[in-house]
Amino acid sequence: MDDFVVRALVAGVGVAVAAGPLGAFVVWRRMAYFGDTLAHSALLGVALGFLFHANVTLAVVVVCVLLALLLVALQRQQRLASDTLLGIMSHGSLSLGLVVLAFMEGLRLDLLGYLFGDILSVTRDDIIGIYLTGLLVLAVLALIWRPLLADTVHEELARVEGVAVIPARLGFMLLLALFIAVSMKVVGILLITSLLIVPAATARHFARTPEQMALYASLSGCLAVSGGLLASLQWDLPAGPAVVLVAVMLFVVSFGCRRQN
Amino acid sequence: MEKSTELLAEARAVQLDLQGRQVLDHVDLAVHRGEIVTLIGPNGAGKSTLARVLLGLTKVDHGSVYLRPGLRIGYMPQRLTIDPVLPLTVRRFLTLGKRCTEARMQEVLQEVGAGDLLEAPIQNTSGGELQRILLARALLRDPDLLILDEPVQGVDITGQLDLYRLISRIRDRFNCGILMVSHDLHLVMATTDRVLCLNQHVCCSGHPEDVSSDPAYLALFGSPPGLAVYTHHHNHRHNLDGHIIPATEQQGTKENTKHG
């Protein structure tokens, strides 16, 4: 295998492993649209990073976190439902990102790479970034696992039982933002949420406990990444969409398996 | 049962507005060890809110809340719906509240009569079973005070009586204080030491028999008890907002649908 294929595989597997447990919580907490909104705002982060000559990954994390905090603050008002707010912020930030990028003359930027991913061009540094972040995500998630799960099952019961609900939630949002910032390159900001929710949905069919579901989601994500990359090389498909399609196929197959049982 | 003197929790002259609407108006409530106190009142009367105040989930505008130092509270929320997308066995659900030994978990589940459900997915349990599981989770915390919000919700009449008996037995076994929210006096009467009839303010309080013949209670609930066990099921109604229809208007209401 060529070097770039190995690097793509290693990077993709790293992202998929971290996506498993994160995605499980995204599905349990019904935050798919929230993940989408964070991902779309990542392009604004990219644009601002270039504008201020800052580290792009850092800029993406900062924008995602600010957006998450803004959303939490806005949710306190009762007039607009959360999904409406998310829609406004999601497309507003995506458009703002595109406009800012268009304004920067002389910047030759692979926009499609950001939107749909460019896994075949990951560098050694990208891989290091993905694995360091992935380890951090898994470690912090393990730490807040119980409180976050208790909060997901029933917030007030958890609070009465002394669970620190708010730190767990904030921590989780931060992890999501971090994850999106580093995995952007693999599937792109338009498809990132699928890597979170599709493997988790597949895993649901086989899991009996939350932990099993998180583990199976990671495994199914790894399968999707490997299968997608192979298909992409074999038939010269765009890699990011191929990965997502394999993930969806796994979901459909798992659905069929479940029906037969 | 005579109530002991140990005060577990007390709300003093509590006042609370929610979105411009007065929910609690100078409400006093005390729960001692070994007694069962029941809050009754129509929907929107502030029963659950008062329970939430004691639980520390809602802050009051005026008045104060006393909890005995080191008080352990077991809470049974009004409604628990767990999304089917979350795979959760009863065992995992119980350990979310407090880590405990296998033997202890078995013992408490036996106590509430749900011993064979340990490995069942929690979404597959019936209404009555789920209430018992919730009770088990509260009991695993070795509570001094149990706060049960509509504990018989979603349970058929026979099951309701069983549950009330179970709650009464738990009070004896665990020697804890119990605060229960209900919109139904007759079924809880036998197992309650003290009733507080709430409609934003405390309408009346005392022994269940006294309360059930109190004019304030009758004004709120309409007809006197004793006509039939289930009179309460259709002698108080609410408009579509959940607000109480005043007693004068509720005479002659034709709706007899199942309620509660």
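Reading chain A of this predicted model from the N terminus on, the elements run α-α-α-α-α-α-α-α-α-α-α. Put as a tally, that makes 11 helices and zero strands for chain A. So how does the chain pack? Its radius of gyration comes out at 18 Å, close to the 18 Å that the globule rule gives for 261 residues, so chain A is as compact as a globular protein of that length. Along its principal axes, the C-alpha trace of chain A spans about 55 × 45 × 30 Å.

Burial and contacts add to the picture. Of the 261 residues in chain A, 49% count as buried. Contacts were also sorted by how far apart the partners sit in the sequence. Taking just those contacts in chain A with a separation of 6 or more, 73% turn out to join residues 24 or more positions apart.

Then there is the partner, chain B. The contact between the two takes 20 residues from chain A and 18 residues from chain B. On the chain A side, the elements that give two or more residues are helix H1 (3–28), helix H6 (124–153), helix H7 (155–160) and helix H10 (210–235). H6(A) supplies the largest share of that side, with five residues. As for what kinds of residue chain A brings to chain B, the touching side has 10 nonpolar, four polar and six charged residues.

Technical notes. Residues are numbered from 1 along each chain as its sequence is written. Chains are lettered from A and ligands numbered from 1 in the order in which they are written. This is a predicted model: local features need pLDDT of at least 70, side-chain atom pairs count only at pLDDT 80 or more; totals for chains, interfaces and linings use all residues. Two residues are in contact if their C-beta atoms, placed from the backbone, lie within 7 Å. Helices (H or I, at least four residues) and strands (E, at least two) are DSSP runs, numbered from the N terminus. Ala, Val, Leu, Ile, Met, Phe, Trp, Tyr, Cys and Pro count as nonpolar, Asp, Glu, Lys and Arg as charged, and the others, Gly among them, as polar. The radius of gyration is taken over C-alpha atoms; the globule rule is 2.2 Å times the number of residues to the power 0.38. A residue is buried if 20 or more other C-beta atoms lie within 10 Å of its own, exposed if 12 or fewer, and partly exposed in between; C-beta atoms are placed from the backbone.
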